[in-house]
Amino acid sequence: MSGGVLAGLVGGAFRRSLVLADDYRDQLFAWARLGSLWRWVVPVLVAVAAVALARLIVRRVPESSGSGVQRVEAELRTTVRPVRIALLPAKFVGGLLSIGAGMALGREGPTVQMGASLGAELARRARLSPPEVRVLTAATAGAGLAVAFSAPVGGALFVFEEVAHAFRVRLVLTTVAAVAAAIAASSLVIGTRPVFSVGRVPMEPLRTLPAYVVLGLLLGAAGVAYNRLTILLLNGVEGLRGLAPEAKAALIGGVVGLIGIGAPELIGGGESLGQDVLAGGNALGYLGIVLVIRWFLGPLCYSAGTPGGLFAPLLLVGAAAGSLFAGSLHAVLPSLGMASTAGAIVGMSTFFTAVVRAPLTGVVLIVEMTATTSLIVPMLLAAMAALISTTLLNGPPIYDTLRQRMRDPAAGPHGTGR
C-alpha cells in the first residue's frame with residue numbers, strides 16, 4: 001500500500017510538472033512568434049539545451065534511458081540486475097527536461113519505471129524475498145501507469161497482460177491495492193478527471209462493424225511498420241559515429257524546436273492535440289498532416305535515448321489514423337454513419353494493440369481515458385483484427401524487441417534497449 005501511495009504522489013507530481021512545462025513552452029513559442037526573427041532562435045536553443053541535458057543525465061544513470069517499461073519487464077524476468085533508487089530523480093528530471101522541451105514522448109514510461117523502482121526499494125528495505133520483491137515491483141509499475149493515464153483498471157491489466165504475463169492471486173491482490181492507493185494519492189495532486197473529455201459518444205450502428213474490422217487490419221499492419229521504424233531509427237542514431245550521444249540528442253531537440261515554431265501543437269506528448277482530434281470536425285488534410293508528422297516524430301524522438309515513453313505518442317497516431325479513416329469513409333459512404341470521434345477512439349485502442357500486443361489493456365485504458373463505454377464492441381473487434389494482421393506479418397511486440405536489444409551487447413553503449 002505504501003508503495004502505491006509513493007508511486008501516486010511521485011507520478012502525480014511528474015504529471016503536474018509536465019503541465020507547467022507545457023505552459024511555459026507554449027508561452028515561449030508565442031513570445032518568439034510575436035517578435036523579430038532573432039527571437040525564433042531562443043526556443044530552438046532552449047530545446048537543444050534541455051534535450052542535451054536530459055541525455056547527459058542518461059550518461060550518468062544509463063537505466064533511465066527511453067521508456068523503461070522493457071527494463072522493468074527484464075527485471076521481473078531476472079535478465080538484468082534490479083535498478084538503483086538513483087533512477088528516480090534521473091527519470092523525473094530527465095523526463096521533465098525531455099518531454100517539457102517538446103519531444104514527442106510519453107509520461108507513462110517514466111512513471112511506470114519510477115513506480116517500479118519505488119516498489120523495489122521498499123521491498124528490499126523490508127527484507128522481502130526475491131519473488132516478493134518482484135511482485136511489489138510489478139504492482140507499483142502498474143500503479144505508475146494508472147497514475148499516468150488516470151486509468152486504475154488499465155494499470156492493473158497492464159501488469160497482468162504485459163509486464164508479468166501472469167494472473168496469480170498474490171500478484172492480483174498486491175497490484176489492485178497498489179493501484180487503488182496510487183490513484184487516491186495522485187488525486188490530491190492532479191484531480192480525478194479523465195485524460196480526454198469527449199462528452200457522450202453514441203453507440204455505432206451495427207452496419208459499421210465490418211468497417212472497424214478493416215480499420216483493425218490496417219492498423220495492425222501500421223503497428224508492425226511503426227515498430228520497425230522505431231528500431232530502425234534507434235539503430236541508425238546509435239550507428240552515427242563521431243558524435244557524442246548528447247550531440248545527437250541536441251540535434252533531434254533542435255528539429256523539435258523548429259517544428260514548434262511553426263506548429264507548437266504538433267510537438268510534445270500530444271495530449272492537447274489528441275483532445276483536438278477526438279473533438280472531431282477536422283479537415284482530412286489536417287488529419288493527414290498530423291498523422292505523417294507524428295508517425296515519424298515519435299520514433300525520431302525516442303531514438304535520442306532521453307527519458308520518455310512510447311504510449312502517449314502512439315495513441316495520438318492511432319487517434320489521427322482512426323479519425324482519418326472514419327472521415328474518408330464518411331466522404332465516400334455517408335449513409336454508413338461512421339463518426340469521426342468514434343473512429344479516433346477505436347483507433348487509439350487498436351493501434352496500442354498493434355504496437356504493444358496487449359488488447360485488453362488497450363481497450364480498457366482508452367475506455368478509462370475517455371470515460372466512454374459505448375464503443376467497446378467495435379474496439380474489441382478492431383483489436384482482434386489488428387492481432388490477426390500483426391501475427392500474419394510476423395511483427396513482434398515493441399517491448400519484446402526492446403528487451404532483446406538490452407541483451408545484445410551491440411545495442412547501444414549501455415545495452416539499455418531504450
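**Close-up views of a predicted model**

**View 1. F351 and its contacts in the predicted model.** Beyond residues up to four places away in sequence, F351 touches L219, A222, G223, Y226, W295, L314, V317 and G318. The model is predicted.

**View 2. The largest nonpolar core.** This core has 106 residues. F351 is among those with the most contacts inside it, together with F149 and L314. Helix α13 gives the most to this core, with 12 residues. L314, named here for its contacts within the core, is also one of the residues that F351 touches. In soluble globular proteins, nonpolar side chains tend to be buried together.

**View 3. A second, separate core.** Six residues make up this core. Among them are A7, A143, V147 and A178. A7 also helps to line the second largest cavity.

**View 4. The second largest cavity.** The structure holds two cavities of 30 Å³ or more. The second largest has a volume of about 30 Å³. Its lining consists of A7, V10, G11, T111, M114, G115, L118 and G144. Two elements, α1 (2–34) and α5 (108–125), give two or more residues each to this lining. Which element gives the most to the lining of the second largest cavity? It is α5, with four residues. By type, the lining residues divide into four nonpolar and four polar, with no charged residue.

**View 5. The largest pocket.** The largest pocket holds about 900 Å³ of space. It is lined by 37 residues, and V19, D22, R107, E271 and S272 are the closest to its centre. At least two lining residues come from each of α1, α8 (169–190), α11 (271–279) and α13 (311–332). Of the elements, α1 gives the most to this lining, with eight residues. The lining of the largest pocket divides into 18 nonpolar, nine polar and 10 charged residues. The second largest cavity, by contrast, has no charged residues in its lining.

**View 6. R71 in helix α3.** R71 lies in helix α3, which spans residues 69–76. Is R71 buried or exposed? R71 counts as buried because its relative accessible area is 8%, under the 20% cut-off. Leaving aside neighbours within four places in sequence, R71 is in contact with E63, V80, R81, V83, Q113 and M406. One of these contacts, Q113, falls within the residue range of α5 (108–125).

Key:
Residues are numbered from 1 along each chain as its sequence is written. This is a predicted model: local features need pLDDT of at least 70, side-chain atom pairs count only at pLDDT 80 or more; totals for chains, interfaces and linings use all residues. Side-chain values use heavy atoms; hydrogens and water are left out. Buried means under 20% relative accessible area, exposed over 50%, partly exposed in between (1.4 Å probe, protein chains only). Contact means heavy atoms within 4.5 Å. On a 1 Å grid over the protein atoms alone, a cavity is a set of points where a 1.4 Å probe fits but cannot get out, and a pocket is an open set with protein on both sides within 12 Å along at least five of seven lines; lining residues have an atom within 4 Å of a point. Grid points are joined across faces, edges and corners, and a volume is the space filled by probe spheres set on the points. Ala, Val, Leu, Ile, Met, Phe, Trp, Tyr, Cys and Pro count as nonpolar, Asp, Glu, Lys and Arg as charged, and the others, Gly among them, as polar. A nonpolar core is a set of buried Ala, Val, Leu, Ile, Met, Phe, Trp, Tyr and Cys residues joined through side-chain atoms within 4.5 Å.
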